[in-house]
Every structure is written in C-alpha cells, then in structure tokens.
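User: I should like to learn how annotated positions and pockets are read in a structural model. Could we work through one case together?

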Amino acid sequence: MEEALTTWLEVDLGAIQHNYRLLQTISRRPVMAVIKANAYGHGISGVVPALIRAGADWCGVARIEEALDVRRFGSEIRVLVLGYTNPGWVDEAIARDIRFTVFDPATAEAYAMRAQALGRVLRVHIKVDTGMGRLGVLPDEAVEFVRWVTGLRGLEVEGLYTHFARADESDPGPTLEQIRRFDEVVHALTTLGLRPRWVHASNSAAIFNFPQARYDLVRAGIALYGLHPSPETPLPTGFRPAMTLKARLISLKILPPGSGVGYGHRYVTRGRERIGVVAAGYADGMRRVLGNEVLIRGQRVPVLGTPCMDQIIIQLDGVKEAVPGDEVVIFGCQGGACISVEEVAQRWGTINYEVATSMMARLPRIYIEPRNEENG
Ligand SMILES: Cc1ncc(COP(=O)(O)O)c(C=O)c1O
C-alpha cells in the first residue's frame with residue numbers, strides 16, 4: 001500500500017501508547033487523552049482505538065462533531081467536549097454518553113430543559129476561568145454557580161476544571177496564582193459537600209512542572225504525541241514523537257546554469273545542478289517559506305525557493321544515488337538523521353502544535369502498529 005503512495009503521514013501508534021503509559025506513570029493519575037483537531041493531526045481513526053487498547057478511559061475534544069467521530073471508533077471511552085456546544089445537541093450527547101462543558105447560566109438551563117424533556121440526565125463538567133481569560137466562570141462566582149447547576153434537574157455535575165495559560169514557561173508565578181484561585185474554589189466546594197467527582201487542571205506542561213495541580217485527572221495533548229510543550233518545558237527523556245511526514249521523489253533532472261527554479265524564480269542554478277521534485281507542498285500543510293530542508297537517503301538537502309501547492313524542488317548534487325521513487329522525509333527520521341517537528345515549526349515561524357494540527361485532510365494517515373511487546 002505505502003509503495004503506491006506519493007505523500008503521506010506515518011503515525012507510530014506504538015509511540016502514542018508508550019507516551020500515554022509514561023504520562024500515567026509520571027502523573028499517577030488517570031490521563032484524559034486530548035484528541036481534538038483529529039488527534040493533533042495524527043488521525044482519530046487510528047489514535048482512538050490505540051489509546052483504548054493502551055487502557056485510556058477518558059478523552060477530550062473541542063467540538064461535538066469530534067466527540068461523535070470518537071464514538072465511531074470507540075464506545076468504551078468517556079468523552080468530554082472542552083469547548084461550547086449548542087443545546088440542540090443534547091439528545092445526541094445523552095444517547096452517546098458524551099459530556100459537555102458548562103460555563104454560563106443560560107446554556108446550562110437550556111441543557112437541563114432538554115434533558116428533562118427527554119427524562120434523561122446529561123453529565124457536565126463546570127469550567128472555571130482562573131486566569132486564561134477564555135471560557136469559564138470567574139472564581140468569585142464559581143461556588144454559587146456550581147451550587148445552582150447541581151440543583152438543576154437533568155444535569156449531573158460530574159467534573160470541575162480549569163486551564164493554565166502559562167504552565168510551559170520558566171516563571172512559575174502565573175500558574176501558581178491560577179492554582180491558588182482554583183484551590184480556593186475546590187476547598188469551598190469540599191466544605192459545602194459540593195465537590196464534583198472529577199477535578200482537573202493540568203495540561204502536558206503542568207503535569208511535568210506542577211505536580212501539586214494533578215487533582216483527580218490530568219489532560220494531556222502535546223506530550224501524548226511525543227512533542228515538547230515548549231522550549232522552556234522540554235519533554236523528559238523517554239517520550240517518542242509519533243508523526244512523520246513523507247513524500248516521494250517523483251522527478252529528477254539536470255538543469256543548465258542560470259535556470260530559474262519554481263514560482264518567482266526564487267532560486268537560480270549556479271552551474272549544472274541535479275534537481276529533484278518531491279510530491280509535497282503547502283496544500284499538505286507545509287509553509288510557503290524559504291529555507292526548508294528535507295531528508296533523502298538519510299541526508300539533509302535544501303529545498304530550493306518556496307514550496308508550491310503540491311510540490312517542492314530539492315537540490316540533489318550531494319546525493320548522487322537518489323532515484324525517482326525514493327522516500328523523502330519532511331519531518332521525522334530517516335537512516336539515523338532527524339528533522340524534528342520543533343525544528344520545522346521554528347522555520348515556519350510557529351509552534352509544534354500548529355505544525356501537527358495543520359497537516360491536511362488529503363494526507364493519508366498510515367498507522368504503524370506497535371510491536372508485540374508494546375501491546376501488553
Ligand atoms: C482545555 C484543554 N485542556 C488540555 C489541553 C491539552 O494541552 P497540551 O496539548 O498542552 O497538553 C488543551 C489544549 O489546548 C485544552 O484546550
């Protein structure tokens with residue numbers, strides 16, 4: 001199958017399972033696998049079954065459509081929608097055992113009304129904004145809000161959570177302040193007998209940097225995929241990146257000196273040069289910038305000019321043995337050489353999260369199944 005492909009994403013499911021178990025070991029908590037945005041680009045259809053085989057019993061998505069997608073590949077995992085959901089989806093959510101996030105009274109009431117009309121119960125997690133400035137009730141209002149939602153027929157308050165804005169930075173101050181605010185809410189609720197069963201806060205960076213904020217559950221995204229939370233919070237040793245972007249060399253020729261290469265002739269040959277064309281471009285998720293590099297036959301070679309929509313042009317004077325059909329790695333490892341997602345992100349002026357999640361839908365995801373010893 002792979003031999004016939006020209007451009008694809010290889011996803012190492014064994015690496016994801018390994019990283020998942022490592023996160024369980026480090027946090028000593030159940031790990032909610034954050035698999036929004038098509039499992040950070042890795043593909044829900046492969047990642048969800050692999051996580052379930054590794055023992056995952058929680059996952060988090062951004063939207064209801066993603067939650068329904070998860071249900072196509074696994075019925076035995078709890079799914080929490082981390083973003084907003086229109087009340088029109090309550091029937092479907094209850095039928096498929098999907099949890100919603102609640103952070104405002106009008107929406108909570110609409111969820112409750114619909115659940116009551118069905119004679120059923122919707123499980124919800126209440127979000128507190130302790131300093132992200134995004135979704136959530138403010139700490140001052142949180143205790144009263146939890147009390148009120150708990151009293152609504154049709155809703156079961158199963159969880160309470162917050163999200164950190166700066167847990168990946170070297171200054172712990174802002175996160176410690178968020179933890180302090182969240183702790184205050186949790187303690188007040190405990191005193192009142194209103195503490196929900198699942199209290200959670202930590203993203204990947206916080207799992208490593210703030211062990212005191214692990215509560216009942218941690219939510220891991222980027223680390224699950226073997227990618228570093230940030231330069232200030234690199235992964236501990238042992239994590240393995242899961243994603244490799246590959247394409248084939250589809251043409252090879254010698255151009256005479258002074259030939260313009262690609263749109264805008266951003267490169268002009270200096271002498272007789274061996275020029276290769278590779279079937280990957282910005283419509284696969286690359287960025288249209290100068291200075292890209294790729295691996296072929298285990299060697300780094302420069303990309304000439306800027307990527308086109310579906311192709312890049314590479315310089316092969318240093319790799320005489322290259323032939324059409326050769327595998328080219330845009331990021332990942334080949335023959336001992338590696339180009340990390342982080343390196344590419346820096347070149348593209350962004351972060352690894354954006355690189356992974358911007359891998360386009362047209363790329364087939366080829367799943368590498370774990371070796372036997374990893375499956376146990
Ligand atoms: C609410 C929430 N929790 C957890 C995560 C996972 O974060 P990370 O990928 O940094 O582990 C995200 C991702 O952005 C999120 O939005």
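Analyst: Let us begin with Y263, which is found in the loop between β11 (260-261) and β12 (267-268). Strands here are DSSP runs of E with at least two residues, helices are runs of H or I with at least four residues, and both are numbered from the N terminus. The model is predicted, so local features need pLDDT of at least 70 and side-chain atom pairs count only at pLDDT 80 or more, while totals for chains, interfaces and linings use all residues. Residues are numbered from 1 along each chain as its sequence is written, and side-chain values use heavy atoms, with hydrogens and water left out.

User: Is Y263 buried or exposed?

Analyst: Buried means under 20% relative accessible area, exposed over 50%, and partly exposed in between, with a 1.4 Å probe and protein chains only. Y263 has a relative accessible area of 59% and is therefore exposed. A contact requires heavy atoms within 4.5 Å; beyond its neighbours within four places in sequence, Y263 is in contact with R288 and C308.

User: Which residues does the UniProt annotation "active site" cover?

Analyst: The unreviewed UniProt entry gives this annotation to K36 and Y263; such positions are in the numbering used here, feature names are shortened, and annotations may be inferred rather than shown by experiment. They span 228 residues in sequence and their farthest two C-alpha atoms are 35.2 Å apart, so they do not all gather at one spot. Of these residues, the lining of the largest pocket includes K36.

User: Where does K36 lie, and how accessible is K36?

Analyst: K36 is placed in helix α2. Its relative accessibility is 28%, so K36 counts as partly exposed. Leaving aside neighbours within four places in sequence, K36 contacts G60, V61, A62 and E66.

User: How is a pocket recognised, and what volume has the largest pocket?

Analyst: Rolling a probe the size of a water molecule over the atoms shows where empty space is left. On a 1 Å grid over the protein atoms alone, a pocket is an open set of points where a 1.4 Å probe fits, with protein on both sides within 12 Å along at least five of seven lines; lining residues have an atom within 4 Å of a point. Points are joined across faces, edges and corners, and the volume is the space filled by probe spheres set on them. The largest pocket has a volume of about 900 Å³. Of its 37 lining residues, Y40, H163, N203, I351 and Y353 are the closest to its centre. The largest share of this lining, 4 residues, comes from α11.
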